[in-house]
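Student: Could we go through this structure together, one question at a time?
Tutor: Happily! Have a look at it here, and then ask away.

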Amino acid sequence: MQRAAALVQRAYRPRTPCPWSRCQSSAAAEASAVLKMRPERSQRERILTLESMNPQVKAVEYAVRGPIVLKAGEIEMELRRGIKKPFTEVIRANIGDAHAMGQQPITFLRQVMALCTYPNLLDSPSFPEDAKKRARRILQACGGNSLGSYSASQGVNCIREDVAAYITRRDGVPADPDNIYLTTGASDGITTILKILVSGGGKSRTGVMIPIPQYPLYSAVISELDAVQVNYYLDEENCWALNVNELRRALREAKEHCDPKVLCIINPGNPTGQVQSRKCIEDVIHFAWEEKLFLLADEVYQDNVYSLDCRFHSFKKVLYEMGPEYSSNVELASFHSTSKGYMGECGYRGGYMEVINLHPEIKGQLVKLLSVRLCPPVSGQAAMDIVVNPPVPGEESFEQFSREKESVLGNLAKKAKLTEDLFNQVPGIHCNPLQGAMYAFPRIFIPTKAMEAAQAHKMAPDMFYCMKLLEETGICVVPGSGFGQREGTYHFRMTILPPVEKLKTVLEKVKDFHINFLEKYA
Amino acid sequence: MAARAGGHSQAAMNGMKEKVLTLDTMNPCVRRVEYAVRGPIVLRALELEQDLRQGVKKPFTEIIHANLGDAQAMGQKTITFFRQVLALCVHPDLLNSPHFPEDTKRRAERILQACGGHSLGAYTFSAGIRLFREDVAQYIEQRDGGIPSDPNNIFLSTGASDAIMTVLKLLVAGEGRSRTGVLIPIPQYPLYSAVLAEFNAVQVDYYLDEDRAWALDIAELQRALHEARGHCTPRALCIINPGNPTGQVQTRECIEAVIRFAFEERLFLLADEVYQDNVYADGSRFHSFKKVLMEMGPPYSTQQELASFHSISKGYMGECGFRGGYVEVVNMDPKVQQQMQKLMSVRLCPPVPGQAVLSMVVSPPAPSDPSFEQFQAERQAVLAELAAKAKLTEQVFNEAPGIRCNPVQGAMYSFPRVQLPARAVQRAQELGLAPDMFFCLRLLEETGICVVPGSGFGQREGTYHFRMTILPPMEKLRPLLEKLSQFHAKFTRDFS
């Protein structure tokens with residue numbers, strides 16, 4: 001404190017003129033002279049190197065855009081240069097990007113967005129009234145009636161109200177707009193909440209419980225924040241069900257070396273696609289209540305439920321229906337996004353989080369932290385508004401909207417079944433039911449000889465498998481090691497997003513590759 | 001856990017369950033973060049706006065948000081070409097409409113072809129769409145008189161703030177005396193202090209010279225650096241040019257001197273150049289750090305590490321809400337550059353509409369294009385008006401006794417110094433407020449004008465300032481400036 005004060009005081013003493021310019025030019029001259037004499041030694045060490053950089057950043061990994069995807073990019077470049085390959089295109093089945101794989105945007109959504117972007121179009125007869133009404137409402141709530149103004153850091157007010165109304169309708173439980181925060185995709189909200197939660201040091205460092213397999217945003221953020229990752233394993237034998245005993249086991253072990261405070265659930269699951277039963281959600285909530293854990297419910301695939309036996313139950317709804325002991329006490333953050341569902345508007349980076357039972361001072365801290373980045377992209381907020389406030393029966397656009405939505409979702413359901421069925425026909429591949437989300441996460445049998453080959457290449461066995469798959473078929477999927485899996489098991493994650501005919505071809509190719517792989521390494 | 005049982009015993013006594021997440025258990029670095037531009041005074045302004053809406057009588061009829069550099073919120077018009085192209089990209093059915101000029105359609109098709117599935121809704125590469133990175137590189141080359149720019153060194157971002165955070169994040173390492181220190185100007189744009197607090201890096205202040213129009217003094221950099229070395233390891237030097245909040249445009253000589261200093265002292269340079277299109281004063285010109293660096297030749301041009309930032313939020317565009325920007329890195333270690341790319345990949349990609357707007361900002365209509373005339377006219381109008389408002393602001397403030405405003409050479413703000421009577425300072429202290437916060441709160445309550453106190457940006461001890469944008473509509477600006485000056489006079493009288 002004294003040193004700091006001294007530093008501050010010294011700042012205000014008048015400076016005697018420093019022979020800076022003299023020193024500086026002679027130093028520069030000297031530097032130049034030295035460099036000229038020894039050019040081979042002239043490259044001095046950089047300030048920012050692998051050694052000197054932030055070690056937490058170095059530890060971060062994100063398999064969805066990791067080494068195999070970089071390799072896919074290289075192969076694409078080679079194809080463009082005319083190099084011959086056993087295939088004519090790379091199929092990017094690594095990322096949940098529906099539009100990139102040919103899914104069409106929802107017309108109504110794009111109409112409203114176009115009207116907001118270029119309001120002159122409000123005079124055009126080619127846009128339906130219901131789209132114009134929505135656009136006007138959004139624009140009126142924007143500074144200068146423009147998407148180009150910053151919004152409040154928590155998001156445009158009326159959009160937050162619309163989100164709250166959507167949640168209320170969805171759950172039959174009231175939602176407060178004050179608890180809604182619009183975000184730059186769901187990833188942004190998840191990162192922000194985790195950031196606020198992480199504290200302590202050594203044995204009291206915050207532990208964050210995450211499912212294995214997980215969407216690797218979680219492990220990446222945990223790495224970056226230098227928090228402690230606490231793995232709980234989903235049960236592959238049981239359609240990737242969440243077992244509370246396993247949660248207990250993970251928590252108990254974690255308490256030895258950290259302070260577990262957070263429990264993350266992804267429902268419907270990524271990469272696993274399971275849709276948790278209501279009972280399971282109740283058990284998880286009870287566990288979180290009992291063990292005083294902050295719950296993060298990643299629900300971005302809430303519109304992607306295919307299995308007829310499954311239904312999406314929001315954590316918020318179940319929490320409230322469990323009664324006041326839970327609903328007044330359990331701290332919960334639920335996340336949604338414009339990137340998935342039937343919309344697939346990944347590029348807009350739209351999302352929201354609803355926070356429940358957060359301390360009012362924490363909510364203040366949250367807004368403060370968000371304010372440094374000013375606001376989420378307003379066009380993404382507008383997209384989110386249309387998602388939560390779609391055409392209703394009686395409105396002009398309702399019919400087309402419903403058709404398009406059903407078409408996308410029906411298509412995805414069909415592809416989910418197709419994928420599951422085809423994979424399960426292949427010897428050495430077992431694929432759990434794709435109850436929801438957008439991915440297959442089949443388990444693959446890797447023969448011993450292939451494991452040895454993988455080791456020789458210094459690769460995880462499933463990375464080796466996926467690399468070979470990529471090189472021989474052009475199909476890019478992500479090895480299970482990027483998501484986490486029980487030791488000794490191997491998987492890959494493939495999206496179900498290519499158009500049906502292409503998907504069938506892709507699945508056939510994977511099947512052929514797999515059979516050859518088994519033979520080659522028998 | 002025992003560690004958590006301590007806090008909030010009041011809550012426990014009330015029979016409420018203690019929360020997992022409280023001020024005591026939260027991330028202490030986040031707790032230290034402050035961001036004055038949207039801080040307490042703005043919260044108060046919002047409350048007052050709410051009061052007005054509910055019909056509560058006030059000495060004013062509206063709140064003037066002169067706290068935030070948001071041009072369109074203050075009525076600045078959008079650039080027609082940008083919004084036409086973007087609308088075509090959003091809803092490609094419009095490509096069949098006769099109401100859009102040919103060049104907007106060509107441009108939209110160019111953009112859509114570069115997008116996955118021909119849609120703005122697809123994710124892009126984490127560094128941004130390759131074509132746009134090439135566009136940015138070309139823009140930089142043209143701007144800098146032909147000095148080459150490599151698209152591989154360009155990373156698109158969610159506004160400049162995002163890229164600044166990413167670069168700073170890479171630089172933060174070490175502990176205790178080896179903890180990364182970052183030199184920032186005082187006064188500064190408080191993103192820097194906020195990010196450094198969040199990352200638990202060491203903020204090292206260097207003071208701009210108010211008596212010389214906020215000039216950057218190398219001797220002062222030297223002083224700050226030397227003292228910082230006692231308690232941290234300074235690794236980076238941040239410059240904002242044109243300045244925010246101060247509006248000064250650095251001379252070429254100054255930029256050269258800063259580069260030499262950074263090279264000698266082994267500091268990574270961050271050049272925040274988001275106001276590069278906002279230069280008003282006749283004697284001032286924007287010189288990019290990249291250009292000056294390259295023109296200085298080796299060893300500087302081949303070894304000095306530099307990151308330069310730009311944004312679509314300012315300039316003549318004012319497209320703040322789209323969150324578009326980029327960083328150009330120069331002489332960065334290739335392995336670190338890979339790490340940066342990896343870090344960006346976790347957030348997938350910057351918003352694609354923002355990327356598209358950026359691509360147009362860096363490659364606007366050419367003279368031969370149908371949209372050129374209107375584009376030029378709109379652009380000139382915006383910049384001319386900003387220049388006029390800058391001049392007017394400086395003039396009116398300098399007419400007021402007790403207010404002294406340095407020339408607003410660039411950017412979008414005035415940062416005048418105000419004399420505050422001793423009794424006011426005392427009253428502020430009694431209330432636990434910084435004196436300029438007290439002044440600004442009073443100003444807000446009595447006139448509805450919301451500006452940000454200088455304490456939010458940093459200033460020499462014993463001096464007081466506020467930052468006001470020059471963005472209110474021209475016809476409103478003079479009355480506002482006069483109202484503010486009159487308020488200051490009254491304030492001075494009241495506390496004499």
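Student: How do the residues lining the second largest pocket divide into nonpolar, polar and charged?
Tutor: Keep in mind that this is a predicted model. The second largest pocket has a volume of about 1,700 Å³, and 46 residues line it. Sorted by kind, that lining comes out as 22 nonpolar, 14 polar and 10 charged.

Student: Which element gives the most to the lining of that second largest pocket?
Tutor: Let's start with the elements that give two or more residues to the lining: chain A offers helix 7 (157-171) and helix 14 (360-371), while chain B offers helix 4 (40-53), strand 1 (64-65) and helix 19 (474-494). Among the residues closest to the pocket's centre are A152(A) and L46(B). With eight residues, the element that gives the most is helix 4 of chain B.

Student: How much area do chain B and chain A bury between them?
Tutor: The contact draws 107 residues from chain B and 106 residues from chain A. Carbon and sulfur atoms account for 58% of the buried area. The total buried between the two chains is about 9,400 Å².

Student: How many salt bridges does the rule find across the interface of chain B and chain A?
Tutor: Here is a helpful idea: side chains of opposite charge can pair when their charged atoms come close. A salt bridge joins the side chains of E198(B) and K195(A), at 2.6 Å from N to O. Across the interface of chain B and chain A, the number found is four.

Student: Why does the salt bridge of K502(A) and E89(A) tie together parts that are apart in sequence, and by how many residues?
Tutor: The structure holds 46 salt bridges over all chains, and in one of them the side chains of K502(A) and E89(A) meet at 2.9 Å, N to O. K502(A) sits in helix 19 (residues 500-520) of chain A, whereas E89(A) sits in the loop between helix 4 (67-80) and strand 1 (91-92) of chain A, so the pair links parts whose separation in sequence is 413 residues.

Student: Which residue stands opposite S414(B)?
Tutor: Picture an open sheet of three strands in chain B, in the order 10-14-13 with antiparallel pairing. Its edge strands are strand 10 (413-414) and strand 13 (452-453), each pairing on one side only. Strand 10 of chain B pairs with strand 14 (residues 466-469) of chain B over two bridges. In strand 14 of chain B, the residue opposite S414(B) is M468(B).

Student: Where is P271(A) found?
Tutor: A cis peptide bond joins N270(A) to P271(A), with omega about 10°. As for its place, P271(A) is in the loop between strand 5 (259-266) and helix 11 (278-291) of chain A.

Student: What is omega for the peptide bond from I186(B) to P187(B)?
Tutor: P187(B) lies in the loop between strand 3 (180-186) and helix 9 (191-198) of chain B. The bond from I186(B) to P187(B) is cis, and its omega is near 0°.

Student: What is the phi of W214(B)?
Tutor: You will find W214(B) in the loop between strand 4 (202-207) and helix 10 (218-228) of chain B. Although W214(B) is not a glycine, its phi is positive, at about 60°.

How values were computed
Residues are numbered from 1 along each chain as its sequence is written. Chains are lettered from A and ligands numbered from 1 in the order in which they are written. This is a predicted model: local features need pLDDT of at least 70, side-chain atom pairs count only at pLDDT 80 or more; totals for chains, interfaces and linings use all residues. Side-chain values use heavy atoms; hydrogens and water are left out. Two strands pair if DSSP finds at least two bridges between them. Helices (H or I, at least four residues) and strands (E, at least two) are DSSP runs, numbered from the N terminus. On a 1 Å grid over the protein atoms alone, a cavity is a set of points where a 1.4 Å probe fits but cannot get out, and a pocket is an open set with protein on both sides within 12 Å along at least five of seven lines; lining residues have an atom within 4 Å of a point. Grid points are joined across faces, edges and corners, and a volume is the space filled by probe spheres set on the points. Ala, Val, Leu, Ile, Met, Phe, Trp, Tyr, Cys and Pro count as nonpolar, Asp, Glu, Lys and Arg as charged, and the others, Gly among them, as polar. Contact means heavy atoms within 4.5 Å. Buried area is the accessible area (1.4 Å probe) that two parts lose on being put together, summed over both.
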